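Here is a walk through a single chain, from the overall layout down to a few side chains. Have the model open and follow along.

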Amino acid sequence: MEDDGSVVPRQSCLKLEPKESQPIFVKGTWFHSRFDLSITDGLNAWVCHASEDAVRDRAAQWDQPVPDYVSLAERYLGFQHPDSVYKFTDAGDGHKRLSWTFDKEGTKLEWRWKCEPSPNSKETTAAVLDFLMDANVGLSEEVVRKTQSFERLKVEAEMCLIQSERIANEKIEFESAVYAKFLGVLNSKKTKLRELRDKLSKQEAAGKLPEQEEESTDKTETYVSDDENSEVDSLKDPPPTSKDIPSSRSQGRKRAFQK
């Protein structure tokens, strides 16, 4: 699959410190199925044009799809990985060989690409430096935007905090007022309920008392002693007079005279 010219390629630049070599800058231009490298040590420069055919052959050797191969190369040449061993060694006739290692399924692999001297080292070095300057300016602008955004967010956060504290205080005051009103209503209801309970208790006590007296009156019989019975009988039958009862003495005298 050929690269579409309308697609903007990705670019990266890495300050690399290879093993047993002076630091170099590696600028990469990454397409879908190929990539270009521009390398400089500040004095000399080299280039590597990885064509689609070359990338396809390398990907087939490692049994990888072409986009995955390009993506993996960009990952290791866009950022230096501490667990990878980078080398930039002589390959004869002014050529250089750039290599790096990585682990895949427990196996350490090494990729190598041959770089040829740049036809114009100054131009290649200037292009790398221009890219770094543009990237630095872009990063500085991004830092300024992020800082300004952070300051705005900080002000908004402080305002939100003040508003939150105000709302929290209003909530506490509202809850206290509602609780006080509720407590007053509750105490009033308790007082009314207590009064009604006392009133009902008094009514129940007043209603039961006459019933108990009636029950005691119906069930209790009046006790009358023998003396009281005799008095009652005497009141019913008045005592006999002297006319009704004959005197025993007169009868005795009569009998005496007859003898």
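We start with the whole chain, then move to the strands, a helix and the rings.

First, some ground rules: this is a predicted model, in which local features need pLDDT of at least 70 and side-chain atom pairs count only at pLDDT 80 or more, while totals for chains, interfaces and linings use all residues. Residues are numbered from 1 along each chain as its sequence is written, and side-chain values use heavy atoms, with hydrogens and water left out.

The chain has 5 helices and 7 strands; these are DSSP runs, numbered from the N terminus, with helices being H or I over at least four residues and strands E over at least two. Going along the sequence, you meet them in the pattern β-β-β-β-α-α-β-β-β-α-α-α. Of the 259 residues in the chain, 21% are buried. Buried here means under 20% relative accessible area, exposed means over 50%, and partly exposed is in between (1.4 Å probe, protein chains only). Take contacts next, meaning heavy atoms within 4.5 Å: among those between residues at least 6 apart in sequence, 45% join residues at least 24 apart.

Now find strand S3 (35-40). S3 is mostly covered, with 5 of its 6 residues buried. S3 pairs with S2 in the antiparallel sense over 6 bridges (two strands pair if DSSP finds at least two bridges between them). Phe25 stands opposite Thr40 of S3, and the S2–S3 hairpin has 4 residues between its strands. S3 is also joined to S4 by 6 bridges, again running antiparallel. There, Asp36 has His49 in S4 as its bridge partner. The S3–S4 hairpin has 4 residues between its strands, and Gly42 in the turn has a positive phi of about 100°.

Helix H2 (residues 66-78) is a good next stop. The expected span of a helix is 1.5 Å times one less than its number of residues, so the 13 residues of H2 should span 18 Å, and its end C-alpha atoms are indeed 18 Å apart. Its buried residues include Val66, Tyr69, Leu72 and Tyr76. What covers the buried residues of H2 includes strands S1, S2, S3, S6 and S7, along with helix H1.

Just before H2, look at Gln64, in the loop between H1 and H2. Is Gln64 buried or exposed? Gln64 counts as buried because its relative accessible area is 18%. Leaving aside neighbours within four places in sequence, Gln64 is in contact with Ala59, Tyr69, Leu72, Lys104 and Trp111.

That brings us to the rings. The structure holds 8 aromatic pairs, where rings of Phe, Tyr and Trp (its six-membered ring) pair if their centres lie within 6.5 Å; planes under 30 degrees apart count as stacked, over 60 as edge-to-face and the rest as tilted. One of them is Trp46 with Phe88, edge-to-face at 5.3 Å centre to centre and 80° between the planes. Trp46 is in strand S4 and Phe88 in strand S5, so this pair ties together parts that are 42 residues apart in sequence. Both Trp46 and Phe88 are buried. Phe102 and Trp111 also pair edge-to-face, 5.0 Å centre to centre with 80° between the planes. Phe102 is buried at 5% relative accessibility, and Trp111 is buried at 1%. Ring pairs link Trp62, Tyr69, Tyr76, Trp100, Phe102 and Trp111 into a cluster.
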